[in-house]
Amino acid sequence: MDHSKLDYSKSGKLSEIKINWAKPEEVETFAKTVKHYRQDKISHDDFRRFRLQHGAYGSRMTEDYSMVRIKIPAGEIHPRQLEKIADLSEYYSIGSAHVSTRQNIQLHWVILEDVSEVMRGLAEVGLTTREACGNTVRNVMCSPLANVCPNEEFDPTPYAIATAKFLLRNPLCQSLPRKFKINYTCCDDHGMARIADIGLIPQHKEIDGKIKKGFKVFLGGGLGNWSSVGYQLEEFTPEDDLLYTILAVIKLFDRLGNRKNMARNRLRYLVNEMGWEKFRSIFLKKRQVTRTTQSIIHKLDVDDTPQEYTPPVVSVETSSTPAGYSRWLKTNTLKQKQDGFRVVFLAFEAGDITSNHLRMIAQIAREFSAEGKIRNGFIQNMALRWVAESELSRLYSKLVEVGLAKTGALTMASPIGCTGTTSCNLAITNSHRLAKEIQRKFLELGLDNDEALQDSSIKISGCPNSCGQHEIATIGFYGGGGRSGKDMYPLYTMQLGGRADGEARLGATCIRMPAKRVIPAILKIIDVFKSERKQNETLSSWIQKIVEGKGETNVKSVRDIKNILEPLTKAPLIKEDKDFFMDYGIGESYHVKTGKGECAA
Amino acid sequence: MGKSNSTTIDVDSLRSSIRDKSVRVIDIRKEEEYKQDHIPGSVNLPLATLLSDDSPEKIVQLVNSFGIDDETPVVVYDNTFGALASRVAWTLEYIGHSDVSLLDVTFDTWKKICLETTREINDYPKKEHSIKLRPEILATANYLETAKKKNGSILVDNRERLNYLEQHIPGAINIPYRMLSSSEKILKPKEELKRLFQNRNISSDSELVTYCGSVGTLSGLGYYALKKAEMGNTKLYVHSFKEWKSLEKPTETQESAHYWDLSAE
């Protein structure tokens with residue numbers, strides 16, 4: 001081993017943790033409150049609200065276990081923090097952690113009485129679970145490509161961090177009618193700005209001969225029951241108005257949100273019931289009032305000190321690069337706007353990662369990323385940014401060596417699968433495992449390397465709620481139950497043509513597909529696409545045409561696809577094919593079983 | 001070194017005891033590993049040798065051959081996060097040895113901090129150890145069946161979480177062995193362990209029984225963690241879940257959840 005590299009990686013100068021999100025006294029309070037709850041000194045409902053406020057979600061069929069959701073504001077995480085999470089996952093969870101679609105890291109099946117210990121460990125490295133669940137402002141997201149995206153006008157990261165700082169533990173956000181999500185992204189192409197309660201895209205505008213910073217702001221988007229694409233508030237929201245805008249939306253939601261009916265109580269219901277124009281005019285007044293009546297002048301604490309970068313270590317090794325390098329380069333990396341650097345995405349299976357791999361990623365980030373940290377992505381993955389192009393082959397060798405070089409990170413071969421029946425109370429199907437099965441199949445068939453499929457996506461939810469974001473997938477699925485005679489089987493409703501970029505739209509419902517036929521159905525669609533497509537057409541653009549009813553050959557509409565897939569949906573007799581009636585994963589024959597959701601708690 | 005109510009011993013104390021020749025150190029690793037290098041003065045007792053016949057008579061024979069009598073302080077170490085060493089230490093306690101402790105780091109850590117090792121094989125004059133069995137630290141399947149009802153015993157399953165969720169002895173609580181260690185030491189500091197157990201409603205007057213998958217290693221570590229935290233009256237169900245299942249005793253499962261599919265292993 002080259003010792004200069006080792007020293008560099010140990011120097012850790014850039015991996016200093018600058019922001020402390022934690023508040024150690026919350027650890028003691030949590031431990032004490034659990035005791036009081038067990039002694040019946042506080043009611044179940046009060047305890048549940050408290051638990052969720054502190055980031056601990058009940059587990060499937062039991063409240064004795066928690067899913068502990070660690071907030072990672074803007075998705076930025078330091079090597080030391082990853083190492084701590086690795087330890088905590090071994091001590092108190094299942095030895096694996098999970099990267100969520102909202103850039104959180106989750107530890108599952110933690111015993112309720114141990115949650116305070118997890119919080120204690122997190123506080124040691126400046127992390128918190130506070131307001132990661134419950135009716136609060138959830139993790140403030142920021143594009144994993146922020147600051148390196150070639151399309152972006154400026155880096156939104158400092159704004160995302162400042163927003164998170166301002167709102168965390170803010171009295172205003174302690175008892176909202178429902179959860180509230182804020183997403184910053186880098187540009188129109190990469191991100192989720194249109195499917196959040198507040199979505200923001202950085203934008204420059206010339207005003208009075210001066211270039212001003214500001215944002216394109218979208219309101220009232222979101223997935224789930226009554227999914228909606230957000231409305232753009234105005235042409236340009238100047239930087240100075242950012243905080244007032246955010247505050248005014250939250251205050252309006254707080255005041256007007258439908259507290260009587262939790263199930264219809266996200267900002268999007270308010271906007272849709274009122275109508276966008278009316279909402280907008282009330283909002284504008286509210287913002288005006290907010291601007292003029294804030295007793296203290298609030299300002300976001302935007303830290304725009306330029307980030308330091310350690311010049312990359314020039315590799316002296318000339319050892320050969322393992323096979324598969326070009327495939328990995330194509331399917332897992334993107335060029336940064338800064339010459340000579342790339343972003344490298346690490347693909348997991350449905351966001352699951354072992355404690356050992358977490359430790360390795362921490363080490364690799366220190367060694368290979370000039371910013372010395374990691375960003376959680378939007379699709380249950382992680383991004384290693386600021387990797388010098390000259391170091392890429394060495395990094396690839398390293399990733400192969402430790403088993404982190406799975407290809408297809410940025411392709412259809414890395415499906416999203418929500419937690420499903422692995423731990424969620426509301427789940428109807430094992431969407432989590434299905435995502436893993438699809439990924440394995442795609443990699444086995446080399447489909448990640450197929451350029452025509454690269455801009456497509458597969459996203460799976462285990463129930464009609466949208467934690468798996470199925471409505472914005474090229475091919476999306478949500479779980480349900482089917483019946484053949486007296487026998488039940490797991491199935492998925494397939495939706496086509498969803499997307500979350502500048503052309504955001506929700507997927508069109510196509511067909512209900514038995515769980516064990518989902519993979520053949522996807523492969524069938526790919527086959528049909530290949531025989532039908534025009535030159536250079538991608539699956540995503542082909543499906544787009546079909547969803548709009550503009551298919552040009554034999555397949556013209558979603559109905560045509562439905563007809564093609566119909567034969568796959570036929571249920572066999574249970575004695576002929578028992579497997580058809582079982583969901584993925586170890587278990588008995590299928591029956592729908594759900595508990596009470598805590599989303600609306 | 002003092003009478004070991006201390007459960008674990010740190011490297012400095014052990015080194016000074018070795019210098020004084022006031023301690024017998026037992027290395028639990030495989031013979032070939034021991035032959036390569038070991039802590040100076042230590043003798044080798046591979047766990048497999050002990051498990052092949054762990055009758056008190058046989059154990060006393062081994063102990064005698066290492067030159068250990070009732071008064072010899074013993075320190076045990078391994079390279080398996082203390083679990084194998086715990087099983088041996090417990091066995092010595094069971095035959096009535098009262099001064100046995102665990103080295104608080106593994107052999108790898110010992111080497112990593114550049115402490116002395118040797119290849120020299122040690123032979124000590126044979127001694128005579130008595131047998132005064134301590135049944136109160138042993139639990140059997142039969143005992144377990146009624147212990148909870150009769151004594152309000154707390155059953156502690158020291159296996160990993162997913163194994164526990166899948167199947168465990170009815171009523172057992174789960175304290176995975178990894179929860180007991182820190183990144184440097186085989187056991188967390190006493191105060192920390194105390195806090196963990198107290199969070200779980202375990203107190204110094206609880207009766208506790210630890211078990212794990214098969215031979216009482218992980219649960220041996222569990223046994224010493226509880227002891228270190230001064231948690232009451234602790235027993236080891238030495239034949240653990242493997243025996244329990246082979247006896248077709250009842251088990252409990254966390255049902256209706258596919259938790260295994262969350263593992264990235």
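Visitor: Which residues line the largest cavity?

Guide: Happy to show you, bearing in mind that this is a predicted model. The structure holds five cavities of 30 Å³ or more, and the largest has a volume of about 80 Å³. Its lining is made up of A:Trp21, A:Lys71, A:Pro73, A:Thr128, A:Glu131, A:Val137, A:Arg138, A:Asn139, A:Val140, A:Ala164, A:Leu167 and A:Leu168.

Visitor: From which domains of chain A does the lining of the largest cavity draw at least three residues each?

Guide: By character, the lining residues divide into seven nonpolar, two polar and three charged. As for where they come from, at least three residues are drawn from each of domain 1 (13-124) and domain 2 (148-293).

Visitor: Which helix gives the most to the largest nonpolar core?

Guide: That core has 101 residues, and A:Ile85, B:Ile26 and B:Phe197 touch the most other members. Leaving aside neighbours within four places in sequence, A:Ile85 is in contact with A:Ile70, A:Ile77, A:Ala97, A:Ile105, A:Leu107, A:Leu122, A:Leu127 and A:Leu358. The top contributor to the core, with nine residues, is helix H5 (residues 83-95) of chain B.

Visitor: Why is helix H10 (residues 218-228) of chain B largely enclosed by the rest of the structure?

Guide: Here buried means under 20% relative accessible area. Among the residues of H10(B) that pass are B:Leu218, B:Gly220, B:Tyr223, B:Tyr224 and B:Lys228. The helix is largely enclosed because, of its eleven residues, the number buried is ten.

Visitor: Which residue with a positive phi follows H10(B)?

Guide: Let's step just past the end of the helix. The phi there is near 55 degrees, and the residue is B:Glu230.

Technical notes:
Residues are numbered from 1 along each chain as its sequence is written. Chains are lettered from A and ligands numbered from 1 in the order in which they are written. This is a predicted model: local features need pLDDT of at least 70, side-chain atom pairs count only at pLDDT 80 or more; totals for chains, interfaces and linings use all residues. Side-chain values use heavy atoms; hydrogens and water are left out. On a 1 Å grid over the protein atoms alone, a cavity is a set of points where a 1.4 Å probe fits but cannot get out, and a pocket is an open set with protein on both sides within 12 Å along at least five of seven lines; lining residues have an atom within 4 Å of a point. Grid points are joined across faces, edges and corners, and a volume is the space filled by probe spheres set on the points. Ala, Val, Leu, Ile, Met, Phe, Trp, Tyr, Cys and Pro count as nonpolar, Asp, Glu, Lys and Arg as charged, and the others, Gly among them, as polar. Domain bounds come from an automatic or database domain assignment. A nonpolar core is a set of buried Ala, Val, Leu, Ile, Met, Phe, Trp, Tyr and Cys residues joined through side-chain atoms within 4.5 Å. Buried means under 20% relative accessible area, exposed over 50%, partly exposed in between (1.4 Å probe, protein chains only). Helices (H or I, at least four residues) and strands (E, at least two) are DSSP runs, numbered from the N terminus. Contact means heavy atoms within 4.5 Å.
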